[in-house]
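Reader: Hello! I am new to this structure and would love a close look at a single part of it. Could you pick one strand and walk me through its surroundings?

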2 protein chains.
Amino acid sequence: MARFLTKPISGARDFLPLDALRRQYVIDVIERVYQSYGFEPLDTPVMERLDTLLGKYGEEGDQLIFRVAKRGAKLQKALAAAPTEDAIADAGLRYDLTVPLARIVAEYRNQLPRYFKRYHIGPVYRADRPAKGRYREFYQCDLDIVGSSSQLVEAEVLNAGAQVLQELGFRGRAESGFRLRLNHRGVLRGLMEVSGVPAELEMDALVAVDKLDKIGLAGVEKELRARGIGEMATTALLGLMAAAPGETVAVLGWLSDTLEGSANGAQGVAELQDILTLTQGGPAGEHICIDPYLARGLSYYTGPIYEIEFPTLSGSGGAGGRYDDLIGMFSNRSIPACGLSLGLERILLIMAERGLFPQNLVGQPQALITNFDKDTLAANVAMAHALRRAGLRVDLYPDMDNLGRQFKYAEERNIPVALLLGGAEMADGAVTVKNLISGEQELMAQADVADRLRQRFQ
Amino acid sequence: MARFLTKPISGARDFLPLDALRRQYVIDVIERVYQSYGFEPLDTPVMERLDTLLGKYGEEGDQLIFRVAKRGAKLQKALAAAPTEDAIADAGLRYDLTVPLARIVAEYRNQLPRYFKRYHIGPVYRADRPAKGRYREFYQCDLDIVGSSSQLVEAEVLNAGAQVLQELGFRGRAESGFRLRLNHRGVLRGLMEVSGVPAELEMDALVAVDKLDKIGLAGVEKELRARGIGEMATTALLGLMAAAPGETVAVLGWLSDTLEGSANGAQGVAELQDILTLTQGGPAGEHICIDPYLARGLSYYTGPIYEIEFPTLSGSGGAGGRYDDLIGMFSNRSIPACGLSLGLERILLIMAERGLFPQNLVGQPQALITNFDKDTLAANVAMAHALRRAGLRVDLYPDMDNLGRQFKYAEERNIPVALLLGGAEMADGAVTVKNLISGEQELMAQADVADRLRQRFQ
C-alpha cells in the first residue's frame, strides 16, 4: 500500500479533542452572551455562487477566493474552449460572513424582523500564502444589527463584545485586560477639513494617519508628504495629532472645540458622546478610549469605528463599526448596519498564552470505570448508566486489561478519577475511587459515588 | 445596479434564526449525551487534498466530489496543457467524516489515546442532483470508537445513540418511538453458508436479501435468481427467511440452532448475545430488534451492523456497525473500529413533523425593553444589564418609536414579554410588564422583575 500524506491541507488545521473543546468553550461563551443581548444565530452555506463573491473584495480579494470547479458536461465544455480561471468554476468558498449577510437581507427581506440582530460564527476561506497565525481556513465571529441608525446599537454591540472578553477572563484595561479604541468617521473627516486636506486626498491621508501607532509622528509626516498631501495641510494635521489629549473625556472636549467649524466633525463628536453615555455602567464602559486617529483602513465605515486592543499584543482582537452602505449591496438600497467581528483565532491564542482556559473543560470525561473482572462487568455498565444519569461524564474501559494500562489510558485522556469494582467491593456494595492525580484511593458506598463525584466537579 | 440572484447555491440551505436554533438544540443534546459517554469532539478542515478523497467512495463517489481549483501559476499551467478534471484541481470538499477520521488516526497515531472515542458533527459535500430531502451540503453526525474489538463498544455506541433520541422526545418502539435493528455480518455469512450460496456470490445474494422489507419474499426470490444464485441455494435461503421468528429472544435461539454448523454464524450469534446482555437496562435495551436479514448494503462492515428505524417512515434515522478494515486505510494496518452515524437532517425533519421542539428554544430573546421616552433611556439600558446579569435574554428596541411598531417587532421575533418604563413608572420605581401573548399587563416593582421573569422562563 502506498504511503499517503496525512497532514491537513496547507493552511488548514485539524483540531484534536483538547483544541476542539477549547474552541467550543470560547464559542459557547460568545453565543450565551450574544443571545443575552437579544441576538440570534444565522447559518449560511460554505459555498456561494462565484458571482456572489467576485467583485466584493477588490482585485486582490478576487484572487484569494477558492473556486469550486463546475462538474460533468459543464466542466467538459468549459475545459474544451480555451478555459479561463472563472470559466471553469461556478462556485467559491465564502471569503467572509458579511457578503452572506447582505445576500440574506436581500433574499429574505419580507421574512426578517424590522431589526435583524444576528451573530454568525463559522469558517471562511482565503487562498492566502499560509504563515504563522495566517490560515486559509479560519473562523470569523460576527455580530451585527441591521436596520437602525441609533447609537444605542453601537452601545449594545460594544457592551456585548466587552462582556464576552470579560467572561473569558480579560479584566480591566491594563496588562491583563483590553481597550476598546473608539473613533468616528466624521471626526476623521472633520480633522481633514480643519487641516485643509482636500476631499479627494482624504483616503490617502487617512492611510498615513492610521499608522501613527506603528511609525510615530515623524513616520506619519513622511508618509503624508509621500502621498502628496500639501505642506500646510501636513503641518496642520501633525499639529492636531501632537495636540490631542490622551484621556477620553479631555479628548472629547478638545475635539468638540477643534472641530467646531466642521459639520461632519461635530456630528461625529456628538455621536461619540452618546456612545460614551450609553455604555456608562455597562461592560464596555471601563474599556473605551477615544482615539481620534484610529482609521481602520477600510473605506466602508460610515460612522463610529472601533477596535479591540490587547495591551501586550500588536494587531487587533476584533474590530467593527457602522457601515450603512454595504449590507444593501444586493438590495438596491442603503441599509443602516453596525457590527463587531471578534478575532476568534487571536483570542484563542492569547487565552492559551495567558492560561485562561479552565482546568476541567466541559466535555472531558470525569471518571473512568475500569474493567478487570468479567463477573463485575454488568455491574460496571449499570454504574456507568447511574453516573451518567446523575450528569457525570463517564468513560468505560472497553477491554479487560491490567490496571496499569487502564490508568495509563486515563492519563492520556486527562481523566482524573478511576473507579474500581471487583468482587470484594461488590460484596460490600462499595467501589474503590482512585484519584489519579494524587494517587490516593478510598472505598466508598456505591450509593454515594455520584454525589461525591458531582461535588468534586462542581 | 444589477439584480442579483440571492438564493443559496443549488442544493445548499440558509438557516434563518429559528431553524439555526432548532439545529443547535438537537446538536446540543447530541453533544451532551455523547460527552456523558466519554466521547470528545474532533474537527477537521472542510477541504481535503484531492488525492485523500479520490478512490475512497467508488467511481460514482469520485464523480460526486466537489473539486477546488488550483490557484495562480499552477492553475494557468494546468489550463494551458489540455486540462482534465483532476489536473485543474488539488483539493476537494470532504464527502464524509470517516475518511478524515482515518487520516487523523494515521497522522496523529502517537498522540491519540489507546482508544480514540470521538464524535464529529459537521457539513459534508456531495455534487448529487438536488432533490427533496437530498442536499449537496448537509450535516453528518458521527460517533466512533477506534481501537477495541470488545462488544462493550457496540453496546456503548447503541446506548449513546438511543439516549440521544430518547432525550429528543422519541419514546418506546411503537409509533412515536424508534427501533434499533441489529444484525451481524457473521450471521449473514452463516445463513449463506448453510443455504449453500457460494462465497463468490455472497455479496450478490446479500443485496437481494437486504431488500426483503421493500420487495417481500417473492421479490427476493426473483432477485436471487436474476443474480445467478442456484435453485437449491435459493430455495434453502428463502426457507430460512420464511422460518425466522420475529421476536428477538426467539430469533437468537433459532439462529443458534440454524447456524450451528457455521463458525462465522456461531460467532455472530455469540456477539449479538453479548450486545443484548450489555445493553440490558441501558437506553438501547428496549429498542433493539434482532433482524437476521438486515444487510445495509455496504461491504465494509465486518461484525455487528445496526440501523435506526422510525416506524412511520421509510429510510433510516441513522446506521452503523463494526468496520475493522477501513480506519487503517492510511495507516497500513487493520484497526478495529465501530461507529454510529445519526441521520441529523432526517431527525430534524421528523421532529418538526411531530412537534418535538420546545416552545421556548434556548437562544430566543425572552423580553423586549421598549424605547419611547428619551428621559428613561438610561434607566432602560440599566434594566437591560440587570436582567442580563440575572441570566435572561433581553432585547432593547433601538429607536424611539410608537409602541404599536415595537410590539409588532416583538411579534416578528416571537418575544413573549415587553417591558415599559415611562416617567410614571420611573417615579414609582416600577415597570409595566406586558404579556404579548395574552395582552395582559401588570405594574411590577423594578427590583422584582428579574425574579418574576426567571420564574416564568424556568
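Author: **A close look at strand β5 of chain A**

Strand β5 (residues 116-125) of chain A is largely enclosed by the rest of the structure, because nine of its 10 residues are buried. Here, a residue is buried if 20 or more other C-beta atoms lie within 10 Å of its own, exposed if 12 or fewer, and partly exposed in between, with C-beta atoms placed from the backbone. Strands (E, at least two residues) and helices (H or I, at least four) are DSSP runs, numbered from the N terminus.

Before we go on, a word about the source: this is a predicted model, in which local features need pLDDT of at least 70 and side-chain atom pairs count only at pLDDT 80 or more, while totals for chains, interfaces and linings use all residues. Residues are numbered from 1 along each chain as its sequence is written, and chains are lettered from A and ligands numbered from 1 in the order in which they are written.

Now to the partners of the strand. Two strands pair if DSSP finds at least two bridges between them. β5(A) runs parallel to strand β1 (residues 40-41) of chain A, and two bridges join them. One place to look is P41(A), whose bridge partner in β5(A) is Y119(A). With strand β6 (residues 137-146) of chain A, β5(A) runs antiparallel, joined by 10 bridges. There, P123(A) stands opposite Y139(A) of β6(A).

For a buried residue outside the strands, try I415(A), which lies in the loop between α15 (403-412) and β14 (417-420) of chain A. I415(A) counts as buried because 21 other C-beta atoms lie within 10 Å. Leaving aside neighbours within four places in sequence, I415(A) is in contact with P365(A), A367(A), L368(A), D395(A), A410(A) and L436(A). Contact means that the C-beta atoms of two residues, placed from the backbone, lie within 7 Å.

Finally, step back to the two chains. In chain A, 82 residues are in contact with 82 residues of chain B. Helix α1 (residues 17-36) of chain A gives the most to the side that touches chain B, with six residues. A turn of 180° and a shift of 0.0 Å along the axis lay chain A on chain B with an RMSD of 0.1 Å, copies being superposed by least squares on the C-alpha atoms of residues with pLDDT of at least 70 in both. That is the relation of a two-fold axis. V68(A) comes closest to the rotation axis of the residues of chain A, at 2.2 Å (C-alpha).
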